[in-house]
Amino acid sequence: MKTINSPEVVTVDPNNNITDMVERRAQDSSNPVVYRVQKSPGNWQDVRATVFRRQVMDVAKGLIALGVEAGDRVGIMSRTRYEWTLCDFAIWYAGAVSVPVYETSSPAQAAWALSHSGTKVIIVENAENAAVIDQAREIKETDLAALESVLVLDDDALEALIEAGRDITDETVEERRSAASLDDVATIVYTSGTTGRPKGCPISHGNFVRLSANSKATIPEIANESHSLIIFLPLAHVLARLIQVLAFDAGLTVGHSPNIKSLASDLDSFKPTVLLVVPRVFEKIFEGATKKAEKGGKLNAKLFNRSIDVAIRWSKAKIAGNVPPLLEMQYRFYQKLVYSKLHNAMGGAVQYAVSGGGRLAPRLGHFYHAVGIEVVEGYGLTETTAPLAVGRIRDFSVGNVGTLIPGTRVRLAEDGELEMQGVGLFDGYLDNEEENALSFTEDGWFKTGDLVEIDGKNRLTIVGRKKEIIVTAGGKNVVPTPAEEHIRTSPLVSQAMLVGDEKPFIAALITLDPEVLPDELEHLGLPRTLTPKEASTNPRVRESIQRFIDEANAFVSKAESIREFRITDKDFTEAEGHLTPSMKIRRPQVMQDFSAYVEDIYNRTLESVQEQGEKFQAYRAEKSEKFEAYRAEQSEKFEAFKAESAEKLHELGEKVQKYSPIHGKHSAEDADESTDEAIEVAGTEWVVVDEDEAAAAGLLVEEPEDAVDQAAEPAPTASKIELVPGIVGVVPLKVDTSKKVITPKTIAKATEEAVKTLEKEAEAADQQAEGAELKVQVAEQKTETKEPKVEIAQQAPESEEDALLVTQTSPATASLIKEPLDESTDFDQQPVAKG
């Protein structure tokens, strides 16, 4: 079992906690700017360390005055904004534990997190969030009896807290703040729940502090006070929380963007040098740039597509340390024409980006590298306080999540699953011993659930989630992530999800992006007014998406390729439970809500198999009937041929007797002996005719005027010698023409050979007829063998031989049943995915 250990390079006082970072920054004589708050669009106001500490202290006093005790749970339900961060630190200063709740949560989701954690107070952003909490109280399956207060930020909740806490002393807050150690719980973060009910993860002060300290040493080019960062990911997500703590610890200036729709203007006005993103953000930016280029006309679209190719090639060469001069010239050309404009659209100052929460397609990593942004991918889980590995700037590469953060140990299980220990790992799920037993090995290693590959430089590449692997009816294991990522690069596509567990083949559910759909429809020459439901069945839309599916199929084996797809009539949404806040697909929920599409895919295919089986039966019967007719016709022709040949031979014999009289028999009656008897006469009894007699009989081979010595020339074939008028073309006689005079003996020998040739041809014809009949019998046996399998096409085969090749329902893919469908099957032609 391969094990990698990255020793901790920074040790932290065990009596410290997260709030010590604030104390340290506030004591800095430079009183640095720690946050910038947007008071109005484009108007950012600096918040210095001392001011931030004072605000945190005042809110903490209000929480203490409200009755919050050390260790109590205080929830936060809000968009990403400065007040979220302020409340988070204030909760820690009050000695309490924060419980983040996604502001998009349903009443049931909020109820589960608040009841399971025993939350006492929750701070929400607005009246809508407060209404969700009110509805959560009505859910009978959960108990919110511990929830005493709901504070609304938009209703001046912070001002009210500050006012309520005026009688609380600084010493009281200091006592609460300093009481926590690295071992104490700082927050309870709930997993996204992609495979079931969210699990509560108690994350300690030590997880945050130790991981932050060692991360600073890992990426010092990013984690330093010269940089600024704008956060727009949900702070309820553990990655955003860790980056917020790391940024404060490392000295970055941080801003918040609560509305993704205003992100472009926020980037332009804030001008961050570092971005924290999930892959979908970069995908959307890329799609937007592609769409804009297409709207600019064919030339612009062609130039942009060319710039993508140059960007990828330049990035690969740059990483390898050898950029050819011509490629560098091309890069500089597109740098002015394309890359610089896209870079300016993201604020114009971004140098680095940290991408997490999912795998970034390598082609996008290379593209943004050429744009001027080095994107380092990180990997981790809620249970590991986000990153356990991250890419490096000093050894920059694309397509992996880098090496381990110091203080982390990993090993690969036999099936490729990554197991880990380290400074970021939590101690176990809250009140869930059953899940703890499943998630940890007997010797204390945490099972991440991710399949990982490790290269020679100890860089990790995520293959996919173990639970998301699709196992087809043929036993093929398919990782859906790479294909899904590629399909999502289509400007038309919002989400893509592969299906096919225990099914005969892989298929896909695809949703259209409603935001860009009108423009994309116009680009395809379709009315902008088409609804997503109407567009989902439009042939041009399907053809456009088909190209991306074909490209995705080119990177996988035939058994892993997408054979069918359906475009749903609506998008996957977080509100309906299809997506997590970090844009991950909740596959069980999608399968439940869109089951009709999946059933349609495989039911139609089963019907197609049955229909094709019936067609094959009819085809077999028709071919059998036609073959029998053909065989009879050929037999008649062959018998006629033999009769005609015999007659010709008989005529030949008579003419031979006429022109070559036998010794002792001169009369006409003597010459009327049968042909067969004449041919059997020994050659010594045949007379030799002289040259004049041969010429008179037409047996002399005439020489062309330009002929050379006959002995030096190859003998002409019988087909070129008219031995007897009319015989040429009936039987080819191979006659020895080395002599000018051809004797009856020579003709007799040639005749014998001609008869033998006829007999061989007859034998070959019979063999051919028997072979054709055998093929029909084999086809019948194959058909009879496959007929019962049509009825169980959707069942897992008992063996490879029993597996069915399930044909597609569209005209482009419909074909007869050919070979077993499994990972070893090598089809003659790759089926095209059609719906």
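Which residue of E3 does Gln38 stand opposite? Select Gln38 and you will find Trp44 across from it. Before going on, note that this is a predicted model, in which local features need pLDDT of at least 70, side-chain atom pairs count only at pLDDT 80 or more, and totals for chains, interfaces and linings use all residues. Residues are numbered from 1 along each chain as its sequence is written, and side-chain values use heavy atoms, with hydrogens and water left out.

**Stop 1: a hairpin**

Colour residues 33-40 (strand E2) and 43-48 (strand E3): they pair in the antiparallel sense over 6 bridges. Strands (E, at least two residues) and helices (H or I, at least four) are DSSP runs numbered from the N terminus, and two strands pair if DSSP finds at least two bridges between them. The hairpin has 2 residues between its strands, and Gly42 takes a positive phi near 80° there. Now add residues 253-256, strand E11, which runs parallel to E2 and is joined to it by 2 bridges. Here Arg36 stands opposite Gly255.

**Stop 2: Lys61**

Next, pick Lys61 in helix H2 (residues 49-65). Lys61 is buried, with a relative accessible area of 10%; buried means under 20%, exposed over 50%, and partly exposed in between, using a 1.4 Å probe and protein chains only. Leaving out residues up to four places away in sequence, Lys61 touches Arg54, Gly165, Ile168, Thr169, Asp170 and Val173. Contact here means heavy atoms within 4.5 Å.

**Stop 3: helix H4**

Move to residues 107-117. Helix H4 is largely enclosed by the rest of the structure, because 8 of its 11 residues are buried. Among the buried ones are Trp112, Leu114 and His116. Show the surroundings too: the buried residues of H4 pack against strands E4 (73-77), E5 (97-101), E6 (121-124), E8 (185-190) and E9 (200-204), and against helix H5 (127-137). Just after H4, Gly118 takes a positive phi of about 70°.

**Stop 4: aromatic rings**

The structure holds 26 aromatic pairs. Rings of Phe, Tyr and Trp (its six-membered ring) pair if their centres lie within 6.5 Å; planes under 30 degrees apart count as stacked, over 60 as edge-to-face and the rest as tilted. Select Trp314 and Tyr331: their ring centres are 3.9 Å apart and their planes at 5°, so the pair is stacked. This pair links helix H12 (residues 298-320), home of Trp314, to helix H13 (residues 325-345), home of Tyr331. Trp314 is buried at 6% relative accessible area, and Tyr331 is buried at 12%.

Then jump to Phe505 and Tyr602, a tilted pair with 4.9 Å centre to centre and 45° between the planes. Phe505 lies in the loop between strands E23 (493-499) and E24 (506-512), and Tyr602 in helix H21 (residues 595-659), 97 residues apart. Both Phe505 and Tyr602 are buried. Add Lys503, whose charged end sits over the ring of Tyr602, 5.4 Å from its centre. A charge sits over a ring if NZ of Lys or CZ of Arg is within 6 Å of the ring centre and within 35 degrees of the ring normal.

**Stop 5: an open sheet**

Finish with the open sheet of 5 strands, ordered E1-E17-E18-E19-E20 and paired antiparallel. E1 (3-6) and E20 (460-465) stand at the edges with a single partner strand each, so one side of each is left without a neighbour in the sheet. Inspect E17 (residues 408-412) and E18 (residues 417-422), joined by 5 bridges. On this pairing, Thr408 stands opposite Gly422.
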